Amino acid sequence: MNSSFADRLLVGLFCAALVLPTSLRVAGWTAPFSAEVEKRPPAAWPELEIRRRGPLRVPRTADLEAFPRRFEAWLNDRLGLRRELLQLYAWARLHGVVPAAAAAIGDGGAARCPVLIGLDGWLFYTGEGSLESFRRTRPFNTAQLEAWRRVLRERRDWLARRGIAYLVVVAPDKQTIYPEQVPASQTRIGPHSRLDQLLAALDGERDAELLDLRPALEAAKRERPVYYRTDSHWNAYGAHVGERAMVERLQRHVPTLRPTTLADYEVTEGPTPGGGDLAVMLDAPTPPVDRRIELRPRTPRRAVVEPTPIALDDGSYVRGVAAQCAGATSGTAVVLHDSFFEEPRSAFNEHWRRVVYAQTYEFPATLIERERPQAVVQEIVERALMNLVPKNPPLPEAPAAWAEGTTAERR
């Protein structure tokens, strides 16, 4: 092959590489942007705000300065072969062709794929500060820690004046329970995590009762997995361990509660093709296979569940659920939670005649006053401690009739 032909071939390949992606995109032969995979909308076309300056109409300076960056984001989301190339890169990471940890340094590497590939096929979520939480690179400062303590103490005291128990539960991130599956490159820098700091700062029930689920989950994982390999959440067994620990702690305040045991379930295990939410984010062309654990209750569930929007004190609404269980031995509970409480919810319903769930980190005082529960459970995933700024709405005083003792009535 002479040099002239080689040069022409190289130029031809280069031009084809420039033209082919756009041509395939226009022809509809390449996969479009997937909001389901990337968990975000595609970048919008950069608008220019036109303003009058004397006799002329000109774009706003800030819009002009931001236009190249915004246009690049718009173009990247619509580039032909984009998803196919990202899938190829994900496959290369998953199978060790590209170093798995290389895309998960700092904030998780590629911000559009916040997935760290661990050992033995384990995937870990790196978004929302969860990798920083694991590595302990950004501990609470004194002011942040005091803010958490003050807010939780105010909630605890406000509920205590109404005879309501308050339990704060932190659901650990997966890498906290399975640090041995995290690549060695993700070293821990600090001596304590934010959860460690918060537990040390709270002065028992005088501030708030905080349940640390780590010991129970670490003990349970010796028997069988408590988290999915390819999902950021705990599996059915891990959810059972967490739910049982919550009910055991609430027994101090609501003696009629009876925790379930593993003997109350038929346990089955098997492979789950396709994987969980992290496998979806990774979007590899050959998704990893996960291991599914199912806990089928030996006694049929009795609770009737209905979705219901929940009004917060600021007038906004969040997703909610109301459960009624006529044969339960305890009264009412309110659960403020995130996605980690979805799995244990069906078991938790069976303990209460009524449970109202609100998917929020806020403290809806109006909802609590309306429901008059025996207990309020506040579940928070560990990574939320990295960014959540706790605050309370104006908390009304308790009506005299309620403050004088309606706890027995709620039982």
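This tour moves through the structure stop by stop, naming what to select and what is found there.

**Before selecting anything**

The model is predicted, and for that reason local features are described where pLDDT is at least 70, side-chain atom pairs count only at pLDDT 80 or more, and totals for chains, interfaces and linings use all residues. Residues are numbered from 1 along each chain as its sequence is written, and side-chain values use heavy atoms, with hydrogens and water left out.

**The whole chain**

Display the whole chain, whose secondary structure comes to 15 helices and 15 strands; helices (H or I, at least four residues) and strands (E, at least two) are DSSP runs, numbered from the N terminus. Of the 411 residues in the chain, 45% are buried, where buried means under 20% relative accessible area, exposed means over 50%, and partly exposed lies in between, with a 1.4 Å probe and protein chains only. Among contacts between residues at least 6 apart in sequence, 69% join residues at least 24 apart, a contact being heavy atoms within 4.5 Å.

**The sheet**

Next, select the seven strands that form an open sheet with mixed pairing, in the order β6-β5-β15-β13-β14-β12-β9; two strands pair if DSSP finds at least two bridges between them. β6 (209–212) and β9 (304–307) stand at the edges, each with a single partner strand, so one side of each is left without a neighbour in the sheet. From one strand to the next, the twist averages 20°, with angles running from 0 to 180 degrees between N-to-C directions and axes being lines fitted to C-alpha atoms, for helices over the stretch in contact.

Within this sheet, select strand β13 (residues 330–337), which is mostly covered, since eight of its eight residues are buried. On one hand, β13 is joined by seven bridges to strand β14 (residues 352–359), and the two run parallel; T332 has R354 as its bridge partner in β14. On the other hand, four bridges join β13 to strand β15 (residues 375–381), again running parallel, and here V335 has V377 of β15 as its bridge partner.

Moving to the edge strand β9, select it together with strand β12 (residues 320–324), because these two pair in the antiparallel sense over four bridges. V305 has A323 of β12 as its bridge partner.

**Helices lying across the sheet**

Now add helix α10 (residues 236–250), which lies across β5, β6, β14 and β15 and runs at about 150° to β6. Helix α8 also lies across strands of the sheet, namely β5 (165–171) and β6, and runs at about 140° to β6.

Stay with α8, which is mostly covered, with six of its eight residues buried. To see these buried residues, select R194, L195, D196, Q197, L198 and A201, which pack against α6, β5, β6 and α9 (214–220).

**Where α6 meets α8**

How do the axes of α6 and α8 cross, and at roughly what angle? The axes of helix α6 (residues 142–160) and helix α8 (residues 194–201) come within 10 Å and cross at roughly 55°. That makes α6 oblique to α8, on a scale where angles under 35 degrees count as roughly parallel, over 145 as roughly antiparallel, 65 to 115 as roughly perpendicular and the rest as oblique. The crossing of the two helices is right-handed, a term used if the near helix is turned clockwise from the far one by less than a right angle, whereas an anticlockwise turn is left-handed.

To display the contact itself, select Q144, L145, W148 and R149 of α6 along with R194, Q197, L198 and A201 of α8.

**Three single residues**

Select S133, whose place is in helix α5 (residues 130–135). Is S133 buried or exposed? At 6% relative accessibility, S133 counts as buried, and, not counting residues up to four places away in sequence, S133 touches D173, S193, E382 and M386.

Then select D120, in the loop between β3 (115–117) and β4 (123–125), where phi is near 55°, a positive value in a residue other than glycine. D120 is exposed, with a relative accessible area of 58%.

Finally, select E128, found in the loop between β4 and α5. Phi of E128 is near 60°, also a positive value in a residue other than glycine, and at 48% relative accessibility E128 counts as partly exposed.
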